[in-house]
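Let's take a first stroll through this protein together. We'll begin with its sulfur chemistry and then step back for the wider view.

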Amino acid sequence: MPSSFYIPILLAGMIITGSSNSLWSKWQDMQCVENCSDPNPVNHVLYEQPVWQTLQMFLGEMLCFLPVIYTWLRARQHTTPVFLPDDLEEDVHEPGKIDETCEELRGWKILLLWLPAACDLTGTTLMNVGLLYTPVSIYQMTRGALVLFVGTLSVIFLHRRLWLYQWVSLLTVMAGVSLVGYSGSLIKDVVQPTLRLLGTDQSEPEVTKVLVGVFFILFAQVFTATQFVVEEKIMARYSVAPLVAVGYEGLFGTLSVIMCTPILAMPSIASSSPFFDLPRGWYQLVNTPSVLWSGIAIAISISLFNYFGLSVTRHVSATARSLTDTCRTLSIWLISLGLGWEKLLFPISLLQVLGFSFLVYGTFLFNGLVNPPSFLHPPLVLEETVGGEAEEGEALLASQHLDDTAALPVDLGQSGYDVLPKNVRVHAQGVSSAED
């Protein structure tokens, strides 16, 4: 058990690194990379390369191999090799024993992790496009719609059973996302300072831009939810350390971007949108120090965020990780307000707060972190297991059913005489022997 001083460090590290991911990405989008000396801001070209930003994320995930490699090298130098497997599991696995019935993910089967990496590549790129058009707080809050798509896909593909209160929580999340997106489209002045820095044509309505950005972010959640479902399918059959899985997904995602580079570099594709002009993006990246160093900071921040997140889940609980993630969204909003990227406009900003509250409550209700209303309570036995595994709830339900319906011998067609000696009779006052 870690010390009481170590746990706050993990929680603070998760909040700081998680917040810096989105903030650094938004700051990177605001950097001028071409025609910066032109006195007319309209002629400035800003860094709009969502594919390169996705590659930064995958490089950060690859850095998760470092603690695994360190643990492996440390284990090799151990003087008692018989204890090496236990030490390795203790360092890189989540608490609890690995299911011995699960086959270890090795050999060519590691390529199965390429499927969630492809979903991550698509979803992250779409979210980076959406971040170009939306304030960073709207971006982070809209990502909260992930639980809506994960819950729906888990019912369709994983054949999960959701209780009524969970469906109500998904509807609550949907209402929260709608309010957040609508409030973002109303607060035009929120994006005005950013648009002036970007040199964007002010004749284009900001409402349209924000709504397009929200659509990209919501559409990206479909791929992210698919990634989670595919990962769960793989983990149900094979055993692999979480940090190792993250590292392999980063490796496969990086290889995917590299393989797509020749295709995206074709003039017919590169000229269609600056988002996919990878050669131009590379030139902007290496020739603009602010973009280059912020990219390195994003990669390091993402690797540390994965490490802190897994450590919080292991040493504290998954509940603490969910609560910390909510604090991360709030910190992003407060920091963006402090930097002047956004403004509070009453009463429109209250609509954003209300939408965020719906998002938080719906997410907590779905994950069992808060008790559902009395009229939405699940069955009595499963109520004690809200937030746990469904299989555990079903097992408790079956056990309780057996205890309540335990059958006596007479109920099974037997009588008391069936268990007495042949020469014994039963009297009202007791038992006595009789000669036949």
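Which residue forms a disulfide with Cys32, and how many Å apart are their sulfur atoms? The partner is Cys36, and the two sulfur atoms sit 2.2 Å apart. Keep in mind that you're looking at a predicted model, not an experimental one. That distance counts as a disulfide because the cut-off is a pair of cysteine sulfur atoms within 2.5 Å. One disulfide is what the structure holds in total. As for its twist, the link of Cys32 and Cys36 is left-handed, with -115° about the S-S bond.

So are these cysteines buried or exposed? Neither, quite: Cys32 is partly exposed, and Cys36 is partly exposed too. Cys260 and Cys327 get that label as well. Here are the values:

| Cysteine | Relative accessible area | Label |
|---|---|---|
| Cys32 | 22% | partly exposed |
| Cys36 | 41% | partly exposed |
| Cys260 | 33% | partly exposed |
| Cys327 | 37% | partly exposed |

Why does Cys32, at 22%, miss out on being called buried? Because buried means under 20% relative accessible area, and Cys32 comes in at 22%.

Now for the whole protein. It has 18 helices and six strands. There are 436 residues, and 44% of them count as buried. Take the contacts between residues at least 6 apart in sequence: 77% of those join residues at least 24 apart. On the outside, the accessible surface comes to about 23,600 Å², and carbon and sulfur atoms account for 65% of that.

Conventions: Residues numbered from 1 in each chain as written. Predicted model: local features only at pLDDT ≥ 70, side-chain atom pairs only at ≥ 80, totals over all residues. Heavy atoms only, no water. Buried < 20%, exposed > 50% of the residue type's maximum accessible area, 1.4 Å probe, protein only. Helix = DSSP H or I, 4+ residues; strand = E, 2+ residues; numbered from the N terminus. Contact = heavy atoms within 4.5 Å. Areas by Shrake-Rupley, 256 points an atom, 1.4 Å probe, with all protein chains shown as cover.
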